[in-house]
Amino acid sequence: MADNWVRVCETSDVDQEDVIRFDHAESTYAIYRSLDDDFYATEGLCTHEQVHLADGFVMDNIIECPKHNGRFDYTSGAAAASPVCVNLQTYPVKIEGDAVYINIPDDDAELR
Amino acid sequence: MLNSAEPIVIIGAGESGTRTALTIRQLGWDGPLTLIGEENTAPYERPPLSKQRLSSPDSPVATITTASELHDRRIDFLQGRRAVGIDRTSQVVSLDNDSTLPYGQLLIATGSRARPLPIAGGDHAITLRQITDIERVLEAVRTPRLCVIGAGLIGLEIAAQAWVHGTDVIVVEAADEVLSRVAPPAMASLIRHRHERSGVSFVLGTQAHRIGRHNDQYIVTLSNGTAIECDRVIAAIGSIPNCELATDAGLLVANGIVVDDQLRSSDPLILSAGDCCSFPAAGSHVRLEAWRNAHDQANVAAQNLAGSHISYVTVPWFWSDQYDFSVQVVGTPSAGATDVERHTHDSATFVFSLDVDGVLVAASGLGTGSSAAKTIRAAQMLIEDRCIVDPAALADPTVSLRAIRKTATT
């Protein structure tokens, strides 16, 4: 599948140990910045009840859903605590200069 | 881990009972495990019943798990079965089909039921607790004129959903403000104003005295003599814990099945979790009616049933969705607390309560969608750590609570 790098934001738009929302082509994504200044991206909605994860709380490599406290490892997408049991889709991230890009497959909007 | 040959029986297939069963298996406990659910359906989540389920009746039921998943995990799910007795001497539970189930350990997670309206004609009022109540409530929120008795979370959620259907709503509340049991006055009045802007009317500080019926209309007479004509009446005045099984079995019961910090009742082989149990917190015993509590107690109950000795420690937390906003409340306000307000640029509002020593003890936040969640989650951590927090920093929306937490003292 062809790469489809999409510019998301400036690195300074995301605080350390925090997450922001990014909407693109009718899909929504969550962009994370770890304590070590590494960036990650996952699909934007919790797999439990479709709540925006960008409103959730980041602790180490964990994102906690703002509604039911379900947890995922945002670096791998793995479900980490109930009530969530379905993993998150993750997306490759690259930094060029001060800009953050994520690689969204062309047909991703249709999957979401 | 405990002897796996001794069966574990769970009475109640709501959030607590079902989550306990699933977690016991995740922990690797492989003995006989039975989950008894008196509702004739797979285990489901109750919070949506007073929220999206009323505005989008065709939305799918949010299930906790399925019968086939329970089967795959060798959890014997007795759907539509009711436990009618517990014999603690022989360690058996009797069921409504005259059969009995032996137990090594038992979890009572029977939840609570809607409190009936204790006035003349009170049985005319509809209540909401389970999925079988939905049809009647849906019909009520779509009538031209609805009277809701009780301005707690459920009453206000129902009022907000009735507004979606264009219904005229009047809410009657005995206390002088809405949400008086759960939110600080500043937050409660903000929420009431939001309802009033949508056209919902409130009669506060007034009790419903009597409900009369004329054809398909109702007249709610109030303690001040006023009469409200309406097409349906919904009562949302709290819940009563389902403790009858425990009482009949001789367990200690006082506004809930009394349990210790490990959720064990006065019989150490019997645990209790969720809305039906009264557990130690902040120097007394409390009973919470909240999804989060039911979910978190299940995790502790499962571990202790599997042989651990873990204490349940919590800072109460709950949320409510009304209109386009969500409110989250965490902690327990103490007497003599000072309230500090924070207003953010995206029009979220927070109220923080500091006790006489300056320790953060409670916080509530209201914002569009879940926009208040991050701050409330950080506040929960500050409350858990009993941090002394600078009121000026709490009031300043440019200072994140994460930053406050890094510099806070205990």
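# Notebook: pockets, cavities and the A–B contact

**Entry 1. The second largest pocket.** I began with the second largest pocket, for which I recorded a volume of about 800 Å³. The elements that give two or more residues to the lining of this pocket are β2 (18-24) of chain A, together with α9 and α11 (401-407) of chain B. I note that the model is a predicted one. I then asked which residues lie nearest the centre of the pocket. They are A:Asp15, A:Asp18, B:Lys374, B:Thr375 and B:Ser400, out of a lining of 31 residues. β2(A) gives the most to this lining, with four residues. By class, I entered 12 nonpolar, eight polar and 11 charged residues for the lining of the second largest pocket.

**Entry 2. The contact between the chains.** I next looked up how chain A and chain B meet. The contact takes 20 residues from chain A and 22 residues from chain B. Between them, the two chains bury about 1700 Å², and 44% of this area is on carbon and sulfur atoms. On the chain A side, the residues that lose the most area to chain B are A:Asp55, A:Phe57 and A:Lys67, which together make up 37% of what that side buries.

**Entry 3. The largest cavity.** I searched for enclosed space and found two cavities of 30 Å³ or more. The largest cavity holds about 60 Å³ of space. Which residues line the largest cavity? From chain A, I listed A:Asp55, A:Gly56, A:Phe57, A:Glu64, A:Cys65, A:Pro66 and A:Asn69. From chain B, I listed B:Trp317, B:Gln328, B:Ala373, B:Lys374 and B:Arg377. A:Asp55 and A:Phe57 thus appear in this lining and also among the chain A residues that lose the most area to chain B. B:Lys374 appears in this lining and also among the residues nearest the centre of the second largest pocket. Helix α9 (residues 373-384) of chain B supplies the largest share of the lining of the largest cavity, three residues. The classes in this lining are five nonpolar, three polar and four charged residues.

**Entry 4. The second largest cavity.** For the second largest cavity I recorded about 30 Å³ of space. Its lining consists of B:Leu288, B:Arg292, B:Asn293, B:Asp296, B:Tyr312, B:Thr314, B:Val315, B:Pro316 and B:Trp317. B:Trp317 is listed for the second largest cavity and for the largest cavity as well. The largest share of the lining of the second largest cavity, three residues, comes from helix α8 (residues 291-305) of chain B. I counted the classes as five nonpolar, two polar and two charged residues.

**Entry 5. B:Asn304.** I stayed with helix α8 of chain B, where B:Asn304 is placed. Is B:Asn304 buried or exposed? Its relative accessible area is 1%, under the 20% limit, so I entered B:Asn304 as buried. The side chain of B:Asn304 reaches the backbone nitrogen of B:His309 at 3.4 Å. Leaving aside residues up to four places away in sequence, B:Asn304 touches B:Gln105, B:Gln262, B:Arg264, B:Leu271, B:His309 and B:Ile310.

**Entry 6. B:Ala372.** I then turned to the loop between β25 (360-368) and α9 of chain B, in which B:Ala372 is found. B:Ala372 has a relative accessible area of 2% and therefore counts as buried. With residues up to four places away in sequence left out, B:Ala372 touches B:Phe350, B:Gly365, B:Leu366 and B:Gly367. I also noted the pair B:Ala372 and B:Val327, which are 45 residues apart in sequence and 7.4 Å apart in space, C-alpha to C-alpha.

**Entry 7. Backbone geometry.** Most residues other than glycine have a negative phi, and most peptide bonds are trans. I therefore looked up the exceptions listed below.

- A:Ser82 and A:Pro83 are joined by a cis peptide bond, with omega about 10°. I located A:Pro83 in the loop between β8 (79-81) and β9 (90-91) of chain A.
- B:Leu179 has a positive phi, near 50°. I located B:Leu179 in the loop between β10 (168-172) and α6 (185-197) of chain B. Its relative accessibility is 3%, so B:Leu179 counts as buried.
- B:Ser347 also has a positive phi, near 60°. I located B:Ser347 in the loop between β23 (338-343) and β24 (349-354) of chain B. With a relative accessible area of 54%, B:Ser347 is exposed.

Methods: Residues are numbered from 1 along each chain as its sequence is written. Chains are lettered from A and ligands numbered from 1 in the order in which they are written. This is a predicted model: local features need pLDDT of at least 70, side-chain atom pairs count only at pLDDT 80 or more; totals for chains, interfaces and linings use all residues. Side-chain values use heavy atoms; hydrogens and water are left out. On a 1 Å grid over the protein atoms alone, a cavity is a set of points where a 1.4 Å probe fits but cannot get out, and a pocket is an open set with protein on both sides within 12 Å along at least five of seven lines; lining residues have an atom within 4 Å of a point. Grid points are joined across faces, edges and corners, and a volume is the space filled by probe spheres set on the points. Ala, Val, Leu, Ile, Met, Phe, Trp, Tyr, Cys and Pro count as nonpolar, Asp, Glu, Lys and Arg as charged, and the others, Gly among them, as polar. Buried means under 20% relative accessible area, exposed over 50%, partly exposed in between (1.4 Å probe, protein chains only). A polar contact is a pair of N or O atoms within 3.5 Å; within protein, one must be able to donate a hydrogen and the other to accept it, and residues adjacent in sequence count only if both atoms are side-chain atoms. Contact means heavy atoms within 4.5 Å. Buried area is the accessible area (1.4 Å probe) that two parts lose on being put together, summed over both.
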